Each structure stands twice: as structure tokens, then as C-alpha cells.
Amino acid sequence: MSSHRAWQKSSFSSTGTECIEISSREAEILIRESDRKNEILATTPERFDALINAVKRDSIKFI
């Protein structure tokens, strides 16, 4: 699934393997960790936008 897809790494990520990558497929946004290439989360563009905005507002706490 992911081998022929173009993935984009965040410009905030280091050059290591611990990065979040995104891609798209039809009407979906795909999210994965660069060191877990076969574990892919699919969501809608609207939900992805809501996630990004929540992170920017600091209303999501990561553990």
C-alpha cells in the first residue's frame, strides 16, 4: 500500500527515523510514523485539519 505512494515528512522533523509522514489517497489523508511504515492511519481532510488546529492551539496533550 505505501510502497508506491509519495510521503511528505514534516520540515520540523530531524533527519532521523522518528518522524511523522503524511500522504493522500483520493479523499483521505494518510498518516504514519517513518519507523512504522506499514501502520497507516487514514482520516478525512476535515478531521486532519481539526487535528492540526488543535495541536496549534495546544489543546491536545501528548504523552
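Which residue in strand 3 is the bridge partner of isoleucine 20? Glutamate 33 takes that place, and this pairing is a handy way into the fold.

## Overview

Welcome to a short tour of a predicted model. The chain has 63 residues, of which 21% count as buried. Its secondary structure comes to 1 helix and 4 strands, and these follow the pattern β-β-β-β-α along the sequence.

About 5,200 Å² of the chain is exposed, with carbon and sulfur atoms supplying 53% of that area. If you take the contacts between residues at least 6 apart in sequence, 16% of them join residues at least 24 apart.

## The sheet

The strands form an open sheet of 4 strands in the order 1-2-3-4, with antiparallel pairing. Its edges are strand 1 (8-9) and strand 4 (41-43), each of which pairs on one side only.

Between strand 2 (residues 20-25) and strand 3 (residues 28-33), the antiparallel pairing runs over 6 bridges. The match of isoleucine 20 with glutamate 33 belongs to the bridges between strands. Strand 3 also pairs with strand 4, again in the antiparallel sense, over 3 bridges.

## The hairpin and its loop

Strand 2 and strand 3 form a hairpin with 2 residues between the strands. Glutamate 26 sits in this loop, and its phi is near 50 degrees, a positive value in a residue other than glycine. With a relative accessible area of 84%, glutamate 26 is exposed.

Arginine 25 and glutamate 28 are also worth a look here, since their side chains meet in a salt bridge with an N to O distance of 2.5 Å. Is arginine 25 buried, exposed or partly exposed? Arginine 25 is partly exposed, with a relative accessible area of 25%. Its partner, glutamate 28, also counts as partly exposed, at 28% relative accessibility.

## Arginine 32 and its neighbours

Arginine 32 has several connections to follow. Its side chain meets that of glutamate 21 in a salt bridge, at 2.6 Å from N to O. Arginine 32 lies in strand 3 and glutamate 21 in strand 2, so this pair ties together parts that are 11 residues apart in sequence. Both arginine 32 and glutamate 21 are buried. A network of salt bridges links Glu21, Arg32 and Lys37.

There is an aromatic neighbour as well: arginine 32 lies over the face of tryptophan 7, at 3.9 Å from the ring centre. As for rings paired with one another, the count comes to 0 aromatic pairs.

## Salt bridges across the structure

How many salt bridges does a search of the whole structure find? The search finds 4. Besides those already described, arginine 36 forms a salt bridge with glutamate 39, where the closest N and O atoms are 3.5 Å apart. Arginine 36 counts as partly exposed, at 44% relative accessibility.

## Alanine 42 in the edge strand

Alanine 42 is found in strand 4, which is one of the edge strands. Within the sheet, alanine 42 is the bridge partner of leucine 30. Alanine 42 is partly exposed, with a relative accessible area of 36%.

Which residues does alanine 42 touch, not counting those up to four places away in sequence? They are Arg25, Glu28, Ile29 and Leu30. Arg25 and Glu28 will be familiar as the salt-bridge pair described above. From C-alpha to C-alpha, alanine 42 and arginine 25 are 8.9 Å apart in space, while 17 residues separate them in sequence.

## After the helix

The helix of this chain, helix 1, covers 45-56, and aspartate 58 lies in the segment after it. Aspartate 58 has a positive phi of about 65 degrees although it is not a glycine. At 49% relative accessibility, aspartate 58 counts as partly exposed; the cut-off for exposed is over 50%.

Conventions. Residues numbered from 1 in each chain as written. Predicted model: local features only at pLDDT ≥ 70, side-chain atom pairs only at ≥ 80, totals over all residues. Heavy atoms only, no water. Pairing = 2+ DSSP bridges. Phe/Tyr/Trp six-rings, centres within 6.5 Å; stacked < 30°, edge-to-face > 60°. Lys NZ or Arg CZ within 6 Å of the ring centre and 35° of its normal. Buried < 20%, exposed > 50% of the residue type's maximum accessible area, 1.4 Å probe, protein only. Contact = heavy atoms within 4.5 Å. Areas by Shrake-Rupley, 256 points an atom, 1.4 Å probe, with all protein chains shown as cover.
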